[in-house]
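Biologist: I've not seen this one before. Could you walk me through it?

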Amino acid sequence: MRNRIAALMTGSSPFAMAAFEGEGGGAGGGTPAPVVVPPTPESVLFPAEKPTDPPAGDKPVDPPAADWKEYENDPAKSEAENTAAKAEHDKTKPAEKTDAEKALDAIPEDGKYVLTMPEGVTVDQELLDALGPKFAAKQMTVREAQELTDEYVKIETARTAKRVEDWGKTLSGWVDTAKKDSEIGGDKWDGTVQAGQRAVNALGSPGLKEYLNASGGGNHPELIRFMAKVGAMISEDKPATGGAEGQGKPVDAAHKLFPNDAPKG
């Protein structure tokens, strides 16, 4: 099973097309730390051949459920000995599977897999329906499909969190660059912000503000520079006190053009 899952993981994920919403998203509950198994040294003379498994020793191996049989009394043993032997034998009886476990170990005859996804993640059902029959043809159980999907979701959740973190750093970096700019930053920063806000309020639409807030574009130094120049050219009913060169009322520098768009710092 592990080999089949590992082989499939080298290609595109068959199931989870993540729609990550908010935080969260592991594959249902905590994931136990993996057991690190040292690799088996490759055969020097026959690298394509794997060494045989080592002897099992004296430790008894539980037989498969289908092969397990009830203990039969040994005529050569006493009743007490047979009772003790039966008790030991019964310890090797495989546990009965629940209906849920049987469903997980089944291979859907119709190729339709039903997978459980964590909160905030949805399945691309069209893709799942298209690939399901192919996995059924490869004898993949529902349990194997779920394990593969859980692993993919875990990886994609980490990737998404990293992208969000990196984008936040980019936005903050734009702000820092603008504050240090010789034309719009430094002691001119507050006036720059006021002029830029005046330009957007006078000429922009609510849709423009929404776009700039959602995209983070309101933090970019060149957009701030442009809006500040436009704002400086707008005449108002009252004398302008801001502008790129203005000395208007101080504004929280981290707000820039849009108060809701600016990361604090």
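**A walk through the model**

Modeller: Let's start at a loop residue: Gln 139 has a relative accessible area of 48%. Bear in mind that this is a predicted model.

Biologist: Is Gln 139 buried, exposed or partly exposed?

Modeller: Buried would need a value under 20%, and exposed one over 50%. Gln 139 comes in at 48%, so this residue counts as partly exposed.

Biologist: Where does Gln 139 lie, and what is its phi?

Modeller: Gln 139 belongs to the loop between helix 4 and helix 5. Although Gln 139 is not a glycine, its phi is positive, at about 65°.

Biologist: Stepping back, how many helices and strands does the protein chain have?

Modeller: Following the sequence, you read the pattern α-α-α-α-α-α-α-α. The count for the protein chain is therefore zero strands and eight helices.

Biologist: What share of the 265 residues is buried?

Modeller: For the surface, the protein chain exposes about 18,200 Å², with carbon and sulfur atoms supplying 56% of that. As for the residues of the chain, the buried ones make up 29% of the 265.

Biologist: Which helix gives the most to the largest nonpolar core?

Modeller: That core has twelve residues, among them Tyr 113, Phe 135, Met 140 and Val 153. Helix 4 (125-137) and helix 5 (142-180) each supply at least two residues of this core. The most, four residues, comes from helix 5.

Biologist: Why does Gln 146 count as buried?

Modeller: Gln 146 is found in helix 5. The cut-off for buried is under 20% relative accessible area. Gln 146 is buried because its relative accessible area is 12%.

Biologist: Which residue has its backbone nitrogen 2.8 Å from a polar atom of the Gln 146 side chain?

Modeller: Leave aside the neighbours within four places in sequence, and Gln 146 is in contact with Leu 115 and Thr 116. The backbone nitrogen lying 2.8 Å from a polar atom of the Gln 146 side chain is that of Thr 116.

Biologist: And how far is the C-alpha atom of Ala 195 from that of Ala 228?

Modeller: Ala 195 is found in helix 6 (residues 189-203), and at 0% relative accessibility Ala 195 counts as buried. Ala 228 is 33 residues away along the chain, yet the two C-alpha atoms are separated by 4.7 Å.

Biologist: Last one: of the contacts with a separation of 6 or more, what share joins residues 24 or more positions apart?

Modeller: Take the contacts in the protein chain with a separation of 6 or more. Residues 24 or more positions apart account for 77%.

Technical notes:
Residues are numbered from 1 along each chain as its sequence is written. This is a predicted model: local features need pLDDT of at least 70, side-chain atom pairs count only at pLDDT 80 or more; totals for chains, interfaces and linings use all residues. Side-chain values use heavy atoms; hydrogens and water are left out. Buried means under 20% relative accessible area, exposed over 50%, partly exposed in between (1.4 Å probe, protein chains only). Contact means heavy atoms within 4.5 Å. Accessible areas come from the Shrake-Rupley method with a 1.4 Å probe; for residues, only the protein chains shown count as cover. A nonpolar core is a set of buried Ala, Val, Leu, Ile, Met, Phe, Trp, Tyr and Cys residues joined through side-chain atoms within 4.5 Å. A polar contact is a pair of N or O atoms within 3.5 Å; within protein, one must be able to donate a hydrogen and the other to accept it, and residues adjacent in sequence count only if both atoms are side-chain atoms.
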